[in-house]
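Here is a short tour of one protein model, written with a computational chemist in mind. Take a look at the sequence and the structure first, and then we can walk through it together.

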Amino acid sequence: MDSGQWAESWREELVCAVCLGLFVDPVTLDCGHSYCRSCITGCWQAQETNFCPECLEVFLGITLRSNRALTNLAGRVRQLNRNRRMESQQLHCELHHEGVKLLCETDQKLLCSICRDSREHRYHTFIPLNEAVGLYKDQLKSSLDLAAKRKAQLLKAKFNQEEKISQVKEQSRNLQVHIKYEFAKMHRTLSEMERCLNGDLRAREGMILEAMRGNLREIQGALDSAERVLTEFQSRLDRPDVLTILKEKDSWNAKISHNVMELVDMDLPLGIFRGPLQYIAWREILDTISPVPAALTLNPKTANPWLVLSEDQSAVRMGDRRQELPDLPQRFDRCACVLGSEGFTSGRHYWEVEVRDKTEWDLGVAKRSCKRKGRIRRTPEDGYWRLSLRGGSEYMAFTSPPTSLSVVPRPRKVGVYLDYEGGQVSFYNADSMSHLHTFTDAFTEKLYPYLCPCLNNGGKNSVFMKICGVKAHSLTSPGRSLTPSAVGP
């Protein structure tokens, strides 16, 4: 095997996986893979964590061990390749067949000494070929460094994407378990109702059939008695003694009357077993739903002086004049907002707000320490997680920046779902329960329902927006309750 063949056979073992060139000052990582020192340090400078580009093993510290064996082998292969190129790649001028010794910087062409003196290149700039090689090597090295950093960035992006894929798969598995658990609870309730209803039906059927069989036995006994009376009466009629028959007429009439029975008609109660079973089941299952729409009220101490609350404090609208109210610390003084009386520090909660004929509104949740005086941005960073309608058709979630939403059809009621421990606030079209938007965050203090009826807009937006719940329910499982805290914000 000549020197060129030997170099080629070892080249793959002496190539850096980052720059794809022969090792220069190679170092070995703890995982056993080797790289050029400048390549691996350049990769690590472009990322937050130090990991091997080949096996993706993450290192807490930086341990780079010089590999002299790879240095010597790469140097030998590099020298053999250089000798081979010098032997086989001698450049010649195609025009004059002289050795190429110059680079024309003006035309970027390799030239011989005769070409340099030609009229074509008379006023051009030239540099020796060996200097040109060194110059362009430096430029290529800079490009190589950029390519190495780009590769490191792509490796990091690949690593992050694979991590995100794993997270999505895990989240999907958890959500599947959650869905299965929630529907299993409803299935158990419905199955128990079906079992009890069928059991009741069988019991009533048995009771009615037993009573009817008793009636049948009595009827049969009376029928036998009537047959006997009829047979005896017929035999008496066959006698010629008419006087005796007339004397016994009353006693025979008594026997005949005694054998006549009045039957009681007994049927299954259709109202129980053929009534509105789905509605009955819904009413029964409502107590097991967690959460159910909660009956909440609004806190008048937080209401802006321009707002008007209903008598039951479940609805709010913009008034026609500013009311003279005490400027309490918890009262909104500029924004036309109001908070709920009940706050939540744990659990899952759901309520619905009627916005049927309004053209503008805000609703959602706000934390207890939210700013209430002056102009307020009302974003999650300020302690507000809210959805809004503007101009009768423009729906928006107030993220940073705000997110426009496509909502069709227009909801008459909007449902708000709060999962405190899960860090979730979701909004739904309560008419169809279609999802509108979800905020995710980490909650650390009490949260309250938030409503803003917005300006009246010349009477077009003057109707109430109302919190409408079914009734207050508590979870049936021990130790958990959806009954909210009654302490005001």
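## Burial and surface

Buried residues, meaning those under 20% relative accessible area with a 1.4 Å probe and protein chains only, make up 33% of the 489 residues in the protein chain. The accessible surface, from the Shrake-Rupley method with a 1.4 Å probe, comes to about 30,600 Å², and 53% of that belongs to carbon and sulfur atoms.

A word on the ground rules: this is a predicted model, where local features need pLDDT of at least 70 and side-chain atom pairs count only at pLDDT 80 or more, while totals for chains, interfaces and linings use all residues. Residues are numbered from 1 along each chain as its sequence is written, and side-chain values use heavy atoms, with hydrogens and water left out.

## Overall make-up

The protein chain has 9 helices and 21 strands; these are DSSP runs numbered from the N terminus, with helices (H or I) of at least four residues and strands (E) of at least two. Taking contacts as heavy atoms within 4.5 Å, residues 24 or more positions apart account for 62% of those in the protein chain with a separation of 6 or more.

## Strand β17 and its partners

Strand β17 (residues 413-419) is a good place to zoom in, with 6 of its 7 residues buried. Strands count as paired if DSSP finds at least two bridges between them. Strand β12 (residues 348-354) runs antiparallel to β17, joined by 7 bridges, and H349 has L418 in β17 as its bridge partner.

Strand β18 (residues 424-429) is also antiparallel to β17, with 6 bridges, one of the partnerships being V414 with N429 in β18. β17 and β18 form a hairpin with 4 residues between them, and G423 in the turn has a positive phi of about 65°.

## Nonpolar cores

A nonpolar core here is a set of buried Ala, Val, Leu, Ile, Met, Phe, Trp, Tyr and Cys residues joined through side-chain atoms within 4.5 Å. The largest one has 47 residues, and W361, L363, V425 and F427 have the most contacts inside it. Strand β20 (residues 447-452) gives the most to this core, with 5 residues. A second, separate core of 21 residues includes L22, V27, Y35 and L70.

## A three-stranded sheet

An open sheet of 3 strands follows the order β7-β6-β8, with antiparallel pairing. β7 (109-111) and β8 (126-128) each have a single partner strand, so one side of each is left without a neighbour in the sheet. Strand β6 (residues 102-104) pairs with β8 over 3 bridges, and L102 has P128 in β8 as its bridge partner.

Key. Buried means under 20% relative accessible area, exposed over 50%, partly exposed in between (1.4 Å probe, protein chains only).
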